Amino acid sequence: MFGRIFHMLLKEFLEVKRDKWERFRLLVPPLIQKVLFGYAATFEVYHVSTAVLDLDHSQESREMVSRFTGNGRFDVEALPSSSQAMRGLIDRSKITVGIRINPQFGELLRKGQTAPLQVIVDGTNSNTALLALDYVGQIAARFSSDYQRDYMNRIFPEYQVMLPSAKMEERPWYNPDLDSQWFFVPGLVGSIALMTIVNVTSFAIVREREIGTLEQIMVTPIRPIEFILGKTVPFFVLGLIEVALVAVAGALWFGVPFRGNPLVMLLGTSLFLISSLAVGLLISTTCRTQQQAFASGFFYLTPAFTLSGFAFPISSMPTVMQWITYLDPLRYYLVVLRGTFLKGTGLAILWPQMVAMAILGVAMFAVSVARFEKSLD
Amino acid sequence: MEPEIAVEGLSKRFGPVSAVDCLSFAVNRGEIFGLVGPDGAGKTTTMRMLAGVMSCDGGRMKVAGHDVAANAEAVKGSISYMPQRFGLYEDLTVDENIRFYADLFGVARTERRERGAMLLKAAGMTEFRDRLAGKLSGGMKQKLGLICALIHRPRVLLLDEPTTGVDPVSRREFWQVLYSLLAQGVTIIISTAYLDEAERCSRLALLHKGRLLLCDTPENLKKRMPGATVVVSSPQARDLRELLAGAEGVSTVILVGAGLHLVVDDADRRVPELKARIQSAGIAFDEITASEPAIEDLFVAYVQGR
C-alpha cells in the first residue's frame, strides 16, 4: 500500500516539477494577490474629495473650513458658488462630501446660539459615507468645544472658566495604530491558501480524467484510498509551503508582527488544509472538465469568503447566517491566523477552533472519499 | 478446457437506452477475439464492463477465473485494458510512465527492468526511452500504452480500437507484439474499425445496437455471405447507387469511399449485365470486378436483411 502511495507522490511531484505553468500557478498569483490585496483592501477613508459652499464669509466660517483642509481626511477640491453647482458636483461624482455654511453662521455663534452646518454626502458607498460623516462630526464637535471655551473666556475674562467634559483615551490593543493592513494581511494567508488548494486539487484530479489516466488507473489494482492519498498528500505539502511563503512575504513586506508560536499556526494550517483538500476532491468527483471544476470552485469559495469574517464582521450578520458560518472552516482558521500573528495566543485559547477544523475536515474528507468511486458509471 | 473469458446474458442500460443487450460469448485461452460493429454497437461498454470499471445491469462475466460482476477488483491484477487513447502522463518520460504503471501493478524492480527493456525493443522504442511522452507521435504513444498495459504480464488483454489513427508502420509493429503475446498464451479481445485487422482475429463477434448478430471465424462468416460481392469504383458513386439499387439480381448496394459494394446472386452472370447498364446510362466508372466479401459487406448485408 505505501509503495503505491509513494509512487503516486513521486509521479505528482515530477509532474509539478516539469510543468512550468503549474509552478507558475502555485507561486506567482498568490504573491500578486497578497501584495494587491494588502495595499488595496482597506476600510480606512483618506482624501475624501470635498466641496465647500461658504455663504457666510465670516471669521467663524473660515475657521471651520480651515479645519477640513488641514487633516488629510478631506481634500477640498471645489468652492462652488451656489447649491445647484454643488449638487452638480455630487451628481457627476466629482466630490463625495459637500459642506454648506449658511449666512449668519458666525452671527448665530456670536449670539451664543446653535449654528447649523449642512453636510451633504454621496451615500452610494455607504461605508465611505458613514466614515466621512463620522469625521465631519468629530471636526464639528472639536470646533464647538474650542469655540465654547473662547466664548466663555470672552464673556467672563475675570474667571478661569472650567467646562466639565469626558475625554476618551484610546488604547487599541494588538494593533496600536489601528492599521487595517494588520487586519487583512493574516486573513489573506487563509483566503489565498483556500483558493489555491481547492482549485489546484480539483484541477489535478479532473485533468487525469481529461487525459484518460484516471480510467487507466482504475483498471489497476490500486485502492481508492491509495489514489486519493497519492493525489492529496502532495497538495497538502504544497499548501504548507504556500502558506509559509505568503505569511513570510506578508510579514516582511507589510511589517505585520508575528507574535505567536509558529507550531500553533502549523497545526491550524494542517487542519485547515484537510478541509480544503476535501472540497477540491469533492469538486473533482462531479466535474468532467477543468472548466467545470473552475466554475464549481466558485460555488464554494464565494460563500466561504463572505461568511468567514475575512472582511465582514460575523457579529453583524443575521442570526441564521451566523449559524451557517459555523460550517465554514475558514472562519476558524482566520481566528487562528489573527491570534497567532497579532495577539500571540496559543493552544490554550485557540483549541476550540482547532477542534472545529478537525471535525469539519475529517467529515468533509470522509464524504469526498465515499463519493469517489473507482468506476466510470 | 474452461474458456478464459465467458460472458452470459450481459446487459447494460444508460437510462432508456440499452447499450449492451443480453450478450453471450466465450473466448478460449490464446485466442484473439474481435468485436466489430458501428459506433454505438456497445463495444466500448462491453470492454469497460469486462475490465471491471463499469458495473453491469445483468448477466455474468468470468474473466481469467474471476467473477467480474461480483468482485471487480480481484480481476484487475490479471488483466489489462487499453482504450482508444491510452492515458499517459505527458510530462513524464517513456521510462517514467512504464515505471509508474509497473508500480501500480506491484511489479518487482528487476522484473520491470527486464520486461520493460524487452517490450521497448519489440516495439522499436528503445532509443526513445528518455523522451517525454507528450513529445511522441500518435503511433508511438499507443505503443507506449501497450507496453504500460503489458508490463505486469496480464493473462487477458482488452484492446478498444487501439490502432485508430495510428500510422501503418506502427500498426504493423503493434500487431507483431500482439502475435508474440498470443504465442505466450495471452488471450486478447480487440475491437477495431479496420477490416484487415478484423480478418486477422481467430474469431469475430458482430455487434449491432448492443446485440450479438453473428459470432464465428472470419472464413466461416464470409462463407455465410449470401451471393457474391461486386466492387465498382466510380467518381459518381452516388448516381451509380441510384441506378443500381433494385437492379435484377442485386440485393444490397453499399457506398464505400469512392465506389460501391454490390451483393449479387451470381457474379459471373451479373458483372457483364451491370457493366452494360452503367455504360448505357452514361455514368463514369473506372472498374467493375467480382471480389472477396469483406467483413463490412457481410455486416451491412446482415443488418439490412433484418
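Start by selecting residues 109-122 of chain B, which form helix 4 (helices are DSSP runs of H or I, at least four residues, numbered from the N terminus): at 1.5 Å a residue its 14 residues should span 20 Å, and the end C-alpha atoms are 20 Å apart, which agrees. The expected span is 1.5 Å times one less than the number of residues. This is a predicted model, in which local features need pLDDT of at least 70 and side-chain atom pairs count only at pLDDT 80 or more, while totals for chains, interfaces and linings use all residues. Residues are numbered from 1 along each chain as its sequence is written, chains are lettered from A in the order in which they are written, and side-chain values use heavy atoms, without hydrogens and water.

Next, colour the buried residues of helix 4 of chain B: B:Arg112, B:Arg115, B:Gly116, B:Leu119 and B:Leu120 (buried is under 20% relative accessible area, exposed over 50%, with a 1.4 Å probe and protein chains only). They cover an arc of only 135° around the axis, which puts them on the same side of helix 4 of chain B; the arc is taken from the directions from the helix axis to the C-beta atoms. Their packing partners are helix 3 (94-104) and helix 5 (138-150) of chain B (contact is heavy atoms within 4.5 Å).

Turn to the face away from the buried side: the exposed residues there are B:Thr110, B:Arg113, B:Glu114 and B:Lys121. Just after helix 4 of chain B, select B:Gly124, which has a positive phi of about 70°.

Finally, move to chain A. Its domain assignment, automatic or from a database, gives domain 1 (11-39 + 188-371) and domain 2 (48-155).

How values were computed: Helices (H or I, at least four residues) and strands (E, at least two) are DSSP runs, numbered from the N terminus.
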